[in-house]
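Here is a friendly briefing to read alongside the structure. Keep the sequence and the 3D view open as you go.

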Amino acid sequence: ISQENLAAAQREIKPVLQNTFVSELKQTPHGYVQALQTYQTIHEAVETLHGKGILSAPVIDMEADTFAGFVDVITLSCAAVDTFAIKPTAEEEASKGSGESPKETLSLPKSFHDRRLSDLENTPSWGPFTPIKSTATLLDALILLGKLHIKRLPVVNDKGDVVNIITQSSVLSEMAAHQDKFEVLTKHTLEEIGLAK
């Protein structure tokens with residue numbers, strides 16, 4: 001694709017993205033953002049995400065009074081798998097031949113139930129907490145998502161409260177729901193707008 005065509009496509013698309021604000025994107029299903037806390041166990045986090053029907057949540061460090069990062073089902077799944085690599089306790093080893101039911105034998109090790117979210121902070125799957133203001137544009141959000149190679153952005157209000165989470169899926173849903181507004185995007189390939197090679 002020529003630089004001239006790329007520039008023309010980007011000029012056509014940029015105003016649409018600059019005139020759409022992140023506050024216009026679909027809100028979280030429950031009307032609030034579910035947060036987890038660093039002292040919670042991985043097991044509790046799994047139960048919370050499953051119980052709320054959500055895939056990710058910001059994690060708060062109450063001692064530091066700040067957001068520590070993000071966890072999602074992939075992070076928690078990796079943590080569950082990692083617990084099998086942790087050497088079982090003597091008690092767990094002794095219970096293996098105790099005639100427990102198959103379900104109990106296949107359950108996750110005790111270490112899964114004891115590990116805290118704070119234990120995951122330096123793992124590769126731990127997501128950074130990179131907030132964006134609710135007054136930001138969709139263009140700002142897309143630039144951050146692409147530049148930082150992240151999958152979600154917490155949206156914060158003027159007080160610093162997380163009021164929404166923007167995901168790649170929520171951006172696509174917004175575009176699909178308002179095709180008339182984003183029609184200009186359907187006229188170009190990803191290559192033409194500089195998003196693919």
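The points below go from the whole chain to its sheets, and then to a few single residues.

This is a predicted model, so please read each value as computed from that prediction. The protein chain holds nine helices and six strands. Those strands include two open sheets of three, one in the order E1-E2-E3 and one in the order E4-E5-E6.

**The chain as a whole**

- The protein chain has 197 residues, and 37% of them are buried.
- Its accessible surface is about 12200 Å², and carbon and sulfur atoms account for 55% of that area.
- Among contacts with a separation of 6 or more in the protein chain, 62% link residues that are 24 or more positions apart.

**The sheet E1-E2-E3**

- Pairing in this open sheet is mixed, and the strand order is E1-E2-E3.
- Strand E1 (36-37) and strand E3 (66-72) are the edge strands; each has a single partner strand, so one side of each has no neighbour in the sheet.
- Strand E2 (residues 56-61) and E3 run antiparallel and are joined by six bridges.
- To find this pairing on screen, look for Pro-58, whose bridge partner in E3 is Phe-70.

**The sheet E4-E5-E6**

- This open sheet also has mixed pairing, with its three strands in the order E4-E5-E6.
- Its edges are strand E4 (132-133) and strand E6 (162-167); because each has a single partner strand, one side of each is left without a neighbour in the sheet.
- E4 runs parallel to strand E5 (residues 152-156), and two bridges join them.
- Along that parallel pairing, Ile-132 stands opposite Val-155 in E5, while Lys-133 has Val-156 of E5 as its bridge partner.
- E5 and E6, by contrast, pair in the antiparallel sense over five bridges; Pro-154, for one, has Ile-165 in E6 as its bridge partner.
- The hairpin of E5 and E6 has five residues between the strands, and Gly-160 takes a positive phi near 90° there.

**Strand E5 and its cover**

- E5 is mostly covered, with five of its five residues buried.
- Which way do the residues of E5 point? Arg-152, Pro-154 and Val-156 point one way, whereas Leu-153 and Val-155 point the other way, and all are buried.
- Helix H7 (residues 138-148) lies across E4, E5 and E6, and it runs at about 140° to E5.

**A nonpolar patch on the surface**

- Leu-55, Val-73 and Ile-74 form a nonpolar patch on the surface, and together they have about 280 Å² of accessible area.
- Within that patch, Val-73 belongs to helix H3 (residues 73-83).
- Is Val-73 buried or partly exposed? Val-73 counts as partly exposed because its relative accessibility is 36%, and the range for that class lies between 20% and 50%.

**A buried residue in helix H2**

- Ile-42 lies in helix H2 (residues 42-52).
- With a relative accessible area of 0%, Ile-42 is buried, as the cut-off for that class is under 20%.
- Ile-42 and Asp-114 are 72 residues apart in sequence, and their C-alpha atoms are 7.6 Å apart in space.

Methods
Residues are numbered from 1 along each chain as its sequence is written. This is a predicted model: local features need pLDDT of at least 70, side-chain atom pairs count only at pLDDT 80 or more; totals for chains, interfaces and linings use all residues. Side-chain values use heavy atoms; hydrogens and water are left out. Two strands pair if DSSP finds at least two bridges between them. Helices (H or I, at least four residues) and strands (E, at least two) are DSSP runs, numbered from the N terminus. Contact means heavy atoms within 4.5 Å. Axes are lines fitted to C-alpha atoms, for helices over the stretch in contact, and angles run from 0 to 180 degrees between N-to-C directions. Patches are made of residues with over 30% relative accessible area and no salt bridge: like charges are joined within 9 Å, nonpolar side chains (Val, Leu, Ile, Met, Phe, Trp, Tyr) within 5 Å. Accessible areas come from the Shrake-Rupley method with a 1.4 Å probe; for residues, only the protein chains shown count as cover. A salt bridge is a side-chain nitrogen of Lys or Arg within 4 Å of a carboxyl oxygen of Asp or Glu. Buried means under 20% relative accessible area, exposed over 50%, partly exposed in between (1.4 Å probe, protein chains only).
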